[in-house]
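Please open the model in your viewer and keep the sequence beside it, so that each stop on this tour can be selected in turn. The tour goes from single rings to helices and then to the chain as a whole.

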Amino acid sequence: VNLIVTVCLNTQVTNGYAHAFVSAFRRSFVIPPKMSDISLLSLSPPEQAVTLKTRLFSSYDDSSGNAMHDSALTLTDSTTDPLILPASPRYATHGTIGLGNFTISRLGGPMRDELSNENILKIVLLHCTDIEVNTLVWKCLGYRFNVEKEFWTDAECFPKWREKYPSSDGGGFFDNPPDFVGMQRIYEADVDKPCLKANQALVRSLPEDMKQWLLPTMKPLGWNGYKYEGLTPNKTRRGQCANWLIYYREELFGYTISELKERRVMRQSAKLAEEIKKELNSDDNEKKNK
């Protein structure tokens with residue numbers, strides 16, 4: 001029995017709503033015991049429609065003894081990735097990315113086109129998924145996805161960040177990089193607190209004079225910022241991630257850790273020289289006035 005069902009939900013939906021739909025769909029049919037797992041074509045951001053393509057195959061011996069074939073209820077694309085919800089630890093390594101028009105890949109380090117203004121704009125416009133936002137930030141922080149072992153490593157992370165958020169405990173256990181957006185969209189403290197703290201740590205890593213780069217950078221592309229009405233934690237955190245990505249692109253991208261340390265020393269020396277110059281000029285002015 002082959003049944004193809006296409007459902008378009010042209011309303012605001014979250015991963016939880018989509019999962020609820022999947023559960024309801026499963027209960028609406030007599031599904032054989034051998035039914036395999038579910039995979040999902042795509043979960044678009046809440047502001048966009050979600051299209052679920054469903055195909056049902058049955059394989060079991062029914063009451064009349066007639067054998068059916070290919071047991072599976074699958075929501076899938078051509079890659080047949082299993083449906084993994086944001087609450088799962090495997091979501092960071094197996095959650096669907098790159099099916100829309102947001103330029104992103106788990107492989108390697110960040111690429112120039114991933115950091116373009118046009119791509120970053122899609123973050124604040126909610127034209128990409130939460131996992132895609134996180135993935136880009138992870139790569140910029142130095143986390144690297146190990147394809148063979150299927151986990152994120154912190155070997156190339158900035159030292160202070162690796163110390164605070166290591167991906168390994170040194171004993172063979174690997175953890176995921178921190179969630180900066182709150183992919184579960186659950187804001188109770190027991191669930192959301194780690195996400196909130198990680199986002200705050202990201203914002204604190206910005207130099208004071210670079211905390212407001214987002215609006216002037218995106219305004220030429222037609223984005224005038226979020227309105228207070230309708231502002232959500234997800235939008236706020238996306239904006240903060242986008243701002244940090246702009247800072248990373250302008251100040252850190254393309255430099256090694258040792259080169260960045262040298263640049264920091266040079267900036268500190270230049271700042272100190274400027275302060276000394278100001279003090280000397282101030283002393284000279286005082287002497288003239290006397």
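Is Trp 152 buried or exposed? Select Trp 152 in this predicted model and display its surroundings: Trp 152 is buried, with a relative accessible area of 0%.

Add Phe 145 to the selection, and the two rings can be viewed as an aromatic pair whose centres are 5.4 Å apart and whose planes make an angle of 55°, an arrangement classed as tilted. Phe 145 is buried as well, because its relative accessible area is 14%, which falls under the 20% cut-off for burial. Now include Trp 138, which together with Phe 145 and Trp 152 forms one aromatic cluster. Before leaving this cluster, show Arg 106, which lies over the face of Phe 145 at 6.0 Å from the ring centre.

How many aromatic pairs does a search of the whole structure find? The search finds 7, and another pair to select is that of Trp 161 and Phe 180, whose ring centres are 5.8 Å apart and whose planes meet at 35°, so that this pair too is tilted. Trp 161 belongs to helix H5 (residues 159–164), whereas Phe 180 sits in the loop between H5 and helix H6 (189–204), so the pair ties together parts that are 19 residues apart in sequence. Colouring by accessibility would show both Trp 161 and Phe 180 as buried.

Next, follow the chain into H6 and select helix H8 (residues 233–252) along with it, since the two are best viewed as a pair. H6 and H8 pack at an angle of about 35°, with their axes 10 Å apart, and their crossing is left-handed. To look at the contact itself, show the side chains of Asp 192, Cys 195, Leu 196, Asn 199, Leu 202 and Val 203 in H6, which meet Arg 237, Gln 240, Cys 241 and Trp 244 in H8. Sorted by class, this contact of H6 with H8 has 6 nonpolar, 2 polar and 2 charged residues.

From there, move to Ser 205, which lies in the loop between H6 and helix H7 (214–218). Ser 205 counts as partly exposed, because its relative accessibility is 35%. Which residues does Ser 205 contact, leaving aside its neighbours within four places in sequence? They are Trp 244 and Tyr 247, and the C-alpha atoms of Ser 205 and Trp 244 are separated by 8.6 Å although these residues are 39 apart along the chain.

The next selection is helix H3 (residues 117–124), which is mostly covered, with 6 of its 8 residues buried. The buried residues of H3 are Asn 119, Ile 120, Leu 121, Lys 122, Ile 123 and Val 124, and if you display what surrounds them you will find that they pack against helix H4 (130–141), H7 and H8. Step past the end of H3 to Leu 126, where phi is positive, near 60°.

Finally, clear the selection and view the whole chain, which has 9 helices and 5 strands. Read along the sequence, these elements follow the pattern β-α-β-β-α-α-α-β-β-α-α-α-α-α. Buried residues make up 41% of the 290 residues in the chain, and among contacts between residues at least 6 apart in sequence, 67% join residues at least 24 apart.

Methods:
Residues are numbered from 1 along each chain as its sequence is written. This is a predicted model: local features need pLDDT of at least 70, side-chain atom pairs count only at pLDDT 80 or more; totals for chains, interfaces and linings use all residues. Side-chain values use heavy atoms; hydrogens and water are left out. Rings of Phe, Tyr and Trp (its six-membered ring) pair if their centres lie within 6.5 Å; planes under 30 degrees apart count as stacked, over 60 as edge-to-face and the rest as tilted. Buried means under 20% relative accessible area, exposed over 50%, partly exposed in between (1.4 Å probe, protein chains only). Helices (H or I, at least four residues) and strands (E, at least two) are DSSP runs, numbered from the N terminus. A charge sits over a ring if NZ of Lys or CZ of Arg is within 6 Å of the ring centre and within 35 degrees of the ring normal. Axes are lines fitted to C-alpha atoms, for helices over the stretch in contact, and angles run from 0 to 180 degrees between N-to-C directions. A crossing is left-handed if the near helix is turned anticlockwise from the far one by less than a right angle, and right-handed if clockwise. Contact means heavy atoms within 4.5 Å. Ala, Val, Leu, Ile, Met, Phe, Trp, Tyr, Cys and Pro count as nonpolar, Asp, Glu, Lys and Arg as charged, and the others, Gly among them, as polar.
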